[in-house]
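Trainee: Got a minute to go through this one with me? I'd like to talk it over bit by bit.

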Amino acid sequence: LKSVTALDKGVINPIPQSNEAACPAPKIFHETCKINFNESAEKVHNFVRGLSPYPVAWTVFDGEKIKIYKTKKINQETMLPAGTIETDGKKYLRITCAEGCVEILELQPDKRKRMDIKSFLNGTHINSETVEM
């Protein structure tokens with residue numbers, strides 16, 4: 001807010017970026033968008049946010065590629081291994097990470113439209129207990 005106010009008043013002194021310290025960002029490939037659940041819930045959540053809506057983070061479970069658009073991090077301790085799916089089959093789907101877990105809120109199964117988790121669970125039976133790592 002201070003910066004916006006200073007910019008509005010014209011009293012801000014911009015500092016130019018050092019060309020020596022600048023470097024190009026690495027190119028994003030499809031393979032680099034696969035979610036690694038061996039990371040912390042915070043890192044996974046930020047990874048999904050950073051790639052949504054394009055090129056989009058993804059994972060595989062039940063042999064099907066699933067694009068993940070929106071998550072919520074859950075900072076609960078769990079003894080389950082990373083990549084384990086927890087769901088009630090109706091309202092929520094959580095995947096454990098190295099630290100905590102993420103709750104999937106919006107996704108898109110392969111060759112289907114983007115949907116919220118309740119719609120997905122309404123028409124899908126989860127056969128496996130883990131995602132492909």
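Mentor: Sure, and let's start with a definition: rings of Phe, Tyr and Trp (its six-membered ring) pair if their centres lie within 6.5 Å, and planes over 60 degrees apart count as edge-to-face. Keep in mind that this is a predicted model.

Trainee: With that cut-off, how many aromatic pairs does the structure hold?

Mentor: The count comes to one aromatic pair.

Trainee: And is that pair of Phe61 and Phe120 stacked or edge-to-face?

Mentor: You describe a pair of aromatic rings by the distance of the centres and the angle of the planes. Here the centres of the Phe61 and Phe120 rings are 6.4 Å apart. Their planes stand at 85 degrees, so the pair is edge-to-face.

Trainee: How many residues apart in sequence are the parts that this pair ties together?

Mentor: Phe61 belongs to strand 1, while Phe120 belongs to helix 3, residues 117-122. Phe61 is buried at 4% relative accessibility, and Phe120 is buried too, at 1%. Given where the two rings lie, the pair ties together parts whose separation in sequence is 59 residues.

Trainee: On to helix 2: where do its buried residues fall, seen down the axis?

Mentor: The buried residues of helix 2 (residues 41-51) are Ala41, Val44, His45, Val48 and Leu51. Seen down the helix axis, they fall within an arc of 140 degrees, so they line one face of the helix.

Trainee: Which exposed residues does the face turned away from the buried side of helix 2 carry?

Mentor: First, the buried side: what covers the buried residues of helix 2 includes strand 1 (57-61), strand 2 (64-74) and strand 5 (101-109). The face turned away from that side carries exposed residues, namely Lys43, Arg49 and Gly50.

Trainee: What about charges over rings: how far is the charged end of Arg94 from the ring centre of Tyr92?

Mentor: One case is Lys65, which lies over the face of Trp58 at 5.4 Å from the ring centre. As for Arg94, its charged end sits over the Tyr92 ring, and the distance to the centre is 4.2 Å.

Trainee: Last one: how many disulfides does the structure hold?

Mentor: A disulfide needs two cysteine sulfur atoms within 2.5 Å. For Cys97, buried at 2% relative accessibility, the closest cysteine sulfur is in Cys101, 6.9 Å away and too far for a bond. Cys23, exposed at 65%, has its closest cysteine sulfur in Cys33, at 19 Å, again too far for a bond. The number of disulfides in the structure is zero.

Key
Residues numbered from 1 in each chain as written. Predicted model: local features only at pLDDT ≥ 70, side-chain atom pairs only at ≥ 80, totals over all residues. Heavy atoms only, no water. Buried < 20%, exposed > 50% of the residue type's maximum accessible area, 1.4 Å probe, protein only. Helix = DSSP H or I, 4+ residues; strand = E, 2+ residues; numbered from the N terminus. Arc of directions from axis to C-beta. Contact = heavy atoms within 4.5 Å. Phe/Tyr/Trp six-rings, centres within 6.5 Å; stacked < 30°, edge-to-face > 60°. Lys NZ or Arg CZ within 6 Å of the ring centre and 35° of its normal.
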